[in-house]
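Let's take a friendly walk through a protein and the small molecule it holds. Have the sequence and the 3D view ready, and follow along one step at a time.

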Amino acid sequence: MNMFDLTGKVALVTGGAHSIGFAIGKGLAQAGATVCFNCTSEGSRVRGEANYAAEGITAYGYVANVTSEEEMNALVAKIREEHGIIDILVNNAGIIKRIPMLEMSVADFREVVDVDLNAPFICAKAVLPGMLEKGHGKIINVCSMMSELGRETVAGYAAAKGGLKMLTKNICSEFGGANIQCNGIGPGYIATQQTAPLREKQPDGSRHPFDQFIIGKTPAGRWGEAEDLAGPAVFLASDASNFVNGHILYVDGGILAYIGKQP
Ligand code: GCO
């Protein structure tokens with residue numbers, strides 16, 4: 001018996017065409033799940049399916065905007081028709097705007113909260129009726145270091161990711177009795193396109209000060225790779241975690257445990 005086996009399960013990974021979402025989708029597929037993902041353009045849908053195909057995986061991409069209740073309801077209905085009721089939802093799609101707070105427009109703040117917090121509510125609401133019908137379900141919210149910590153320039157992102165942590169606990173509270181587990185994964189600093197500006201080499205070829213800061217702040221002494229999130233995602237998607245609920249599993253190389261190196 002393999003308690004991590006996801007054979008026969010249908011997963012939807014929002015923003016699962018590339019980066020962290022892709023690494024999670026790939027992990028779920030390798031554990032046996034049928035993986036569906038959505039993205040915002042036909043181009044990334046095609047590229048996303050090709051990314052999976054290059055790993056020998058058939059994944060199913062759809063164009064749908066996570067901030068639209070109508071589009072996500074339609075997507076969930078379509079996946080049900082084509083593959084079955086969704087067993088696993090990974091709320092991964094997210095954006096960041098790094099702008100000092102006094103320069104940040106309310107529109108920018110709202111946009112970040114819309115994608116990073118309102119959308120997970122919309123997507124969870126869309127899949128929960130099917131999970132209730134089926135008598136089980138797993139919702140995994142991709143949180144952040146910013147679910148716990150603040151940092152200059154990321155007011156919208158930190159507010160949304162802190163909110164996402166609490167949405168996780170609330171879904172757990174409300175649906176735990178229906179055998180639905182809602183947990184979060186909190187990536188530390190992961191080398192992705194989103195964090196590329198924080199790792200850009202200086203004109204003199206030296207490391208970006210933020211890059212040095214993160215290496216010093218991470219007991220593991222490195223940035224994470226998107227693949228580091230696959231195992232934790234498989235765990236939270238599988239029967240191995242059936243009594244784990246409302247928990248945020250930080251996958252951060254130890255950042256949250258460590259005060260940091262003395263300069
Ligand atoms: C930042 C943001 C993100 C982080 C990530 C940490 O510091 O700019 O926090 O870009 O990479 O979400 O979990």
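A good place to begin is the shell of residues around the ligand, which divides into eight nonpolar, four polar and two charged residues. Keep in mind as you look that this is a predicted model. In total, 14 residues surround the ligand. If you want to find the closest ones, look for Arg98, Met146, Arg151, Tyr157 and Tyr189.

Now zoom in on the oxygen atoms of the ligand. Which part of Tyr189 faces one of them? An N or O atom in the side chain of Tyr189 is 2.6 Å from a ligand oxygen. Ser144 also takes part through its side chain, where an N or O atom is 3.0 Å from an oxygen atom of the ligand. With Met145 the partner is a polar backbone atom, and here the distance to a ligand oxygen is 2.9 Å. How much of the ligand does the protein bury? Taken alone, the ligand exposes 330 Å², and 96% of that is buried by the protein.

Next, let's step back and think about empty space. Rolling a probe the size of a water molecule over the atoms shows where such space is left. Where does the ligand sit? You will find it in the largest pocket, which has a volume of about 860 Å³. This pocket is lined by 40 residues, and those closest to its centre are Asn92, Ala93, Gly94, Ile95 and Gln194. Helix H1 (19–30), strand E2 (34–39) and helix H5 (155–175) are the elements that each give two or more residues to this lining. H1 provides the largest share, with three residues. Sorted by class, the lining of the largest pocket holds 19 nonpolar, 18 polar and three charged residues.

There is another pocket to visit. The second largest pocket contains about 150 Å³ of space. To trace its lining, pick out Phe121, Ala124, Lys125, Leu128, Leu167, Asn170, Ile171, Glu174 and Phe175. Two or more of the lining residues come from each of helix H4 (106–134) and H5. Which element gives the largest share of this lining? That is H5, with five residues. By class, the lining of the second largest pocket is made of six nonpolar residues, one polar residue and two charged residues.

To finish, turn your view back to H5. This helix gives residues to the lining of the largest pocket, and H5 also gives residues to the lining of the second largest pocket.

Terms used:
Residues are numbered from 1 along each chain as its sequence is written. This is a predicted model: local features need pLDDT of at least 70, side-chain atom pairs count only at pLDDT 80 or more; totals for chains, interfaces and linings use all residues. Side-chain values use heavy atoms; hydrogens and water are left out. A residue is near a molecule or strand if one of its heavy atoms lies within 4 Å of it. A polar contact is a pair of N or O atoms within 3.5 Å; within protein, one must be able to donate a hydrogen and the other to accept it, and residues adjacent in sequence count only if both atoms are side-chain atoms. Accessible areas come from the Shrake-Rupley method with a 1.4 Å probe; for residues, only the protein chains shown count as cover. On a 1 Å grid over the protein atoms alone, a cavity is a set of points where a 1.4 Å probe fits but cannot get out, and a pocket is an open set with protein on both sides within 12 Å along at least five of seven lines; lining residues have an atom within 4 Å of a point. A molecule sits in a cavity or pocket if more than half of its atoms lie within 2 Å of its grid points. Ala, Val, Leu, Ile, Met, Phe, Trp, Tyr, Cys and Pro count as nonpolar, Asp, Glu, Lys and Arg as charged, and the others, Gly among them, as polar. Grid points are joined across faces, edges and corners, and a volume is the space filled by probe spheres set on the points. Helices (H or I, at least four residues) and strands (E, at least two) are DSSP runs, numbered from the N terminus.
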